[in-house]
Amino acid sequence: MLNFLTVFLKERPLMDKKKIEKGVRLILEGIGEDPERAGIKDTPRRIAELYEEIFSGLQTPTEEILKPIEGESHDEMVILKDIPFYSVCEHHLLPFIGKAHIAYVPSGGKIVGLSKLARAMEIFAKRPQVQERLTTQLADLIMEKLKPKGAMVIIDAEHLCLSMRGIKKPNARTMTSAVRGIFRTKESTRIEFLELINRRD
Ligand SMILES: [Zn+2]
């Protein structure tokens with residue numbers, strides 16, 4: 001674990017908050033603000049602290065998260081629905097916010113704690129992202145670590161870069177899905193998952 005962490009951290013430089021502060025000051029100047037104005041004097045520091053938190057997924061490896069629980073024998077579909085998440089669109093650095101639904105059908109009894117799935121989602125979400133990649137990264141991690149019969153991830157989100165600017169479509173939702181293994185080959189499995197996530201009771 002330690003060895004792995006060392007390698008991981010070597011590959012990814014630690015966050016440089018001073019650099020972020022400098023950049024934000026330049027942005028404020030660029031938009032015609034006075035970065036020394038009382039109200040925004042501390043904004044570069046605040047943003048640097050905020051970014052440290054909302055981009056912390058860049059410094060967090062996902063490798064160790066989905067370790068199967070030993071000695072389990074569950075082979076039915078496992079579903080985690082309505083996981084709230086907050087991420088940041090890498091094209092505009094504005095938030096996209098929504099819910100994720102995750103399902104997999106274990107193979108050989110290999111399952112993980114449900115909180116681990118939510119945690120993996122959170123790590124991926126706390127990186128500059130596009131919704132499509134967030135969806136496939138999660139499905140691929142489940143396939144790689146649990147070797148299940150299949151996995152499916154659906155993400156439903158609102159992008160502030162769409163709602164706030166340009167075409168201005170408030171509340172428009174973007175849906176993405178990643179479908180792997182049995183969810184791709186067996187329609188009834190896919191439908192079972194879709195029915196369960198759409199059920200509101
Ligand atoms: Zn965007």
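**Exercise 1. Find the residue of E2 that stands opposite Ile79, then place its strand in the sheet.**

Step 1. Ile79 stands opposite Ala103 in E2. Strands here are DSSP runs of E with at least two residues, and helices are runs of H or I with at least four, numbered from the N terminus.

Step 2. Strand E1 covers residues 78-89, runs antiparallel to E2 and is joined to it by nine bridges. Two strands count as paired if DSSP finds at least two bridges between them.

Step 3. Now read the whole sheet. The order is E3-E1-E2-E4-E5, an open sheet of five strands with mixed pairing. Strand E3 (128-129) and E5 are the edge strands, and each pairs on one side only.

Step 4. Add the helix. H8 (residues 187-198) packs on the sheet and touches E1, E2, E4 and E5. The direction of H8 makes about 40 degrees with that of E4. Axes are lines fitted to C-alpha atoms, for helices over the stretch in contact, and angles run from 0 to 180 degrees between N-to-C directions.

A note on the source: this is a predicted model, in which local features need pLDDT of at least 70 and side-chain atom pairs count only at pLDDT 80 or more, while totals for chains, interfaces and linings use all residues. Residues are numbered from 1 along each chain as its sequence is written.

**Exercise 2. Describe the surroundings of strand E4.**

Step 1. Take the E2 side. Strand E2 (residues 95-105) and E4 run antiparallel, joined by ten bridges. Ile97 stands opposite Glu158 in E4.

Step 2. Take the E5 side. Eight bridges join E4 to strand E5 (residues 174-181), again antiparallel. Val153 has Ala178 of E5 as its bridge partner.

Step 3. Check burial. E4 (residues 150-159) is largely enclosed by the rest of the structure, because eight of its ten residues are buried. Buried means 20 or more other C-beta atoms within 10 Å of the residue's own; exposed means 12 or fewer; partly exposed is in between, with C-beta atoms placed from the backbone.

Step 4. Set this against the protein. Buried residues make up 24% of its 201 residues.

**Exercise 3. Characterise the packing of H4 on H5.**

Step 1. Two packed helices are described by the angle between their axes and the distance between the axes.

Step 2. The axes of H4 and helix H5 (residues 131-146) come within 10 Å and cross at roughly 140 degrees. H4 is therefore oblique to H5. Under 35 degrees would be roughly parallel, over 145 roughly antiparallel, 65 to 115 roughly perpendicular; the rest is oblique.

Step 3. List the contact residues. H4 supplies Ala120, Met121, Phe124 and Ala125; H5 supplies Leu134, Gln137, Leu138 and Leu141. Contact means C-beta atoms, placed from the backbone, within 7 Å.

**Exercise 4. Is Lys116 buried, exposed or partly exposed, and which residues does Lys116 contact?**

Step 1. Lys116 lies in helix H4 (residues 114-125).

Step 2. Lys116 has 18 C-beta neighbours inside 10 Å, so it counts as partly exposed.

Step 3. Neighbours within four places in sequence aside, Lys116 is in contact with Ile65 and Leu66. Leu66 is 50 residues away in sequence, yet its C-alpha lies 6.2 Å from that of Lys116.

**Exercise 5. Summarise the overall layout.**

Step 1. The protein has eight helices and five strands. Their order from the N terminus is α-α-α-β-β-α-β-α-β-α-β-α-α.

Step 2. The C-alpha trace spans about 60 × 45 × 25 Å along its principal axes.

Note on methods: Contact = placed C-beta atoms within 7 Å.
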